[in-house]
Amino acid sequence: MTFDSVILDSHIVTTKGILERNIVINDGKIVDFTTDIPQCDKKIQGRGLVAMPGVIDTHVHYGVYSPINEAAITESRAAALGGVTTMMRMLRLGRSYKTHLAEQLAASKTTHYVDYAIHGTIFDEKQADEMKYCVENGVKSFKLYMNLGGEIGHVYMDMDPGATDLFEATVQLEENTIRKVLANAANLGCPVLVHAEDYQMCECGIKKAKQDGKDGLPAWSQSRPPDSEVKSIRKICQIAREFGTVIYFVHIGSTSALLAIEEERAKGTRIFVETCPHYLTLSYEKQSGYLAKVMPPIRTMQDVEHVWQAVSQNKVDTIGTDHVANRLKRKVGQDVWSSLAGFPGIGTMLPILLSEGVNKNRIHLGQLANLTSTNAARIFGMFPQKGAIQKGADADIVLIDLKKEQEVRSEFFGAFSDYLVYEGWSLKGWPQTTMVRGHVVTENMQIVGKVGHGRLVERRLG
């Protein structure tokens with residue numbers, strides 16, 4: 001028998017440890033591990049490289065500042081170069097899912113280099129009533145923005161396919177909506193992703209900071225204090241326990257938030273926790289300018305160390321990027337208040353974690369695989385199809401050179417964004433080859449795959 005391809009001589013990161021074998025791939029699946037070299041159409045040299053399960057980026061915003069038919073191409077390209085084989089889109093539809101989801105799905109179908117999945121954001125009760133429809137059409141997780149309301153309810157929704165203008169909206173998230181979403185999600189068996197900041201506390205903090213003439217990332221952090229995260233965490237967890245809803249806290253980056261989550265877990269709340277590379281690397285004490293403005297804000301170096309500690313102790317389940325595909329001219333305003341929150345990061349996540357995590361002995365390769373792939377696959381209903389290098393799984397594999405050193409350059413990724421917060425950083429550890437369902441999408445750090453190979457991932461409800 002002739003197989004499609006064989007990856008030779010790599011160090012394979014599996015759920016049971018490091019395996020020294022050749023990986024045999026056929027029809028998009030991993031079919032065997034062997035010391036032999038079976039007959040195949042393509043041999044991929046992995047000597048000196050580490051084979052890891054392809055990264056599942058749990059948290060990606062694209063289709064907001066350019067329409068999805070364009071954004072999927074640019075951002076999935078950056079994803080592939082960064083070792084990401086599945087990108088999970090935060091869809092902010094801003095309209096009825098029954099009338100507008102189909103066109104988003106159709107535009108996505110032929111425009112991705114890598115596989116993708118979708119979280120549906122719910123802004124009001126009408127959308128909450130459409131959750132079952134979403135599930136029937138492949139959207140099997142939902143998001144709530146606890147930070148939107150009052151005078152800080154402004155948000156950019158995802159653009160319609162083919163559109164040229166931004167879609168601005170104002171959201172007032174009501175408790176009735178929150179309760180309905182959590183009740184429906186529990187009945188459907190879906191996790192609810194939560195942006196945990198109390199909008200009223202943030203609104204007051206921003207107003208006072210502006211009145212006092214404050215500016216910069218320290219002022220941004222102080223105006224949206226960790227206590228606002230804690231208040232939001234406690235509120236949503238109380239409701240979640242009532243319905244038995246699974247809560248997935250996105251972009252957790254403060255000591256206070258992590259401690260509050262531990263307390264709520266002890267009360268019986270079913271919780272998963274995501275952090276982001278910027279909460280492991282950046283602080284307002286050391287970062288100047290406005291590029292690193294994000295919600296929730298980056299905090300102190302002490303918080304950075306606490307998040308690393310939580311990661312190393314397996315108190316954090318996943319790492320997502322909170323990637324926002326925007327551009328510099330729109331990102332940076334006259335002050336921190338007029339600058340956009342959010343920045344790109346899908347391509348740099350794995351190099352950051354390799355350089356700052358694995359190569360500095362903060363985490364080992366098995367933990368990295370769990371944080372960036374296996375846990376996400378389990379939480380969001382993709383396992384065992386995705387999330388691990390094992391027989392029968394999709395051949396979503398990234399080959400990594402732990403010794404490769406390279407400076408971060410935004411041009412390398414070819415994404416929509418023309419800047420990176422990590423621009424100029426020298427990182428050690430880079431993905432060399434990315435394979436999605438057995439097809440080589442990048443090779444020797446260059447795109448070789450075809451647009452349209454990526455598919456919407458089928459997910460099972462738990």
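Colleague: What makes the crossing of H5 and H8 right-handed or left-handed?

Modeller: In this predicted model, H5 passes H8 in a right-handed crossing. That word applies if the near helix is turned clockwise from the far one by less than a right angle.

Colleague: Why is H5 called oblique to H8?

Modeller: Look at the axes. Helix H5 (residues 175–188) and helix H8 (residues 226–243) cross at roughly 40 degrees, and their axes come within 9 Å. Angles under 35 degrees count as roughly parallel, and 65 to 115 as roughly perpendicular. The crossing angle falls in neither range, so H5 is oblique to H8.

Colleague: Which residues make the contact?

Modeller: From H5 come Glu175, Ile178, Arg179, Leu182, Ala183 and Ala186. H8 brings Lys235, Ile236, Ile239, Ala240, Glu242 and Phe243. Eight of the contact residues are nonpolar, four are charged and none is polar.

Colleague: Now the sheet. What makes E5 and E6 its edges?

Modeller: The four strands run in the order E5-E4-E1-E6, in an open sheet with mixed pairing. Strand E5 (29–34) and strand E6 (40–45) each have a single partner strand, so one side of each lacks a neighbour in the sheet. On average, neighbouring strands are turned by 25 degrees against each other, direction ignored.

Colleague: How do you know that E1 and E6 pair?

Modeller: Count the bridges. Strand E1 (residues 3–8) is joined to E6 by five bridges, and the two run parallel. Pairing needs at least two bridges, so E1 and E6 count as paired.

Colleague: What is the bridge partner of Val6 in E6?

Modeller: Lys43 is the partner of Val6 there.

Note on methods. Residues are numbered from 1 along each chain as its sequence is written. This is a predicted model: local features need pLDDT of at least 70, side-chain atom pairs count only at pLDDT 80 or more; totals for chains, interfaces and linings use all residues. Side-chain values use heavy atoms; hydrogens and water are left out. Axes are lines fitted to C-alpha atoms, for helices over the stretch in contact, and angles run from 0 to 180 degrees between N-to-C directions. Contact means heavy atoms within 4.5 Å. Ala, Val, Leu, Ile, Met, Phe, Trp, Tyr, Cys and Pro count as nonpolar, Asp, Glu, Lys and Arg as charged, and the others, Gly among them, as polar.
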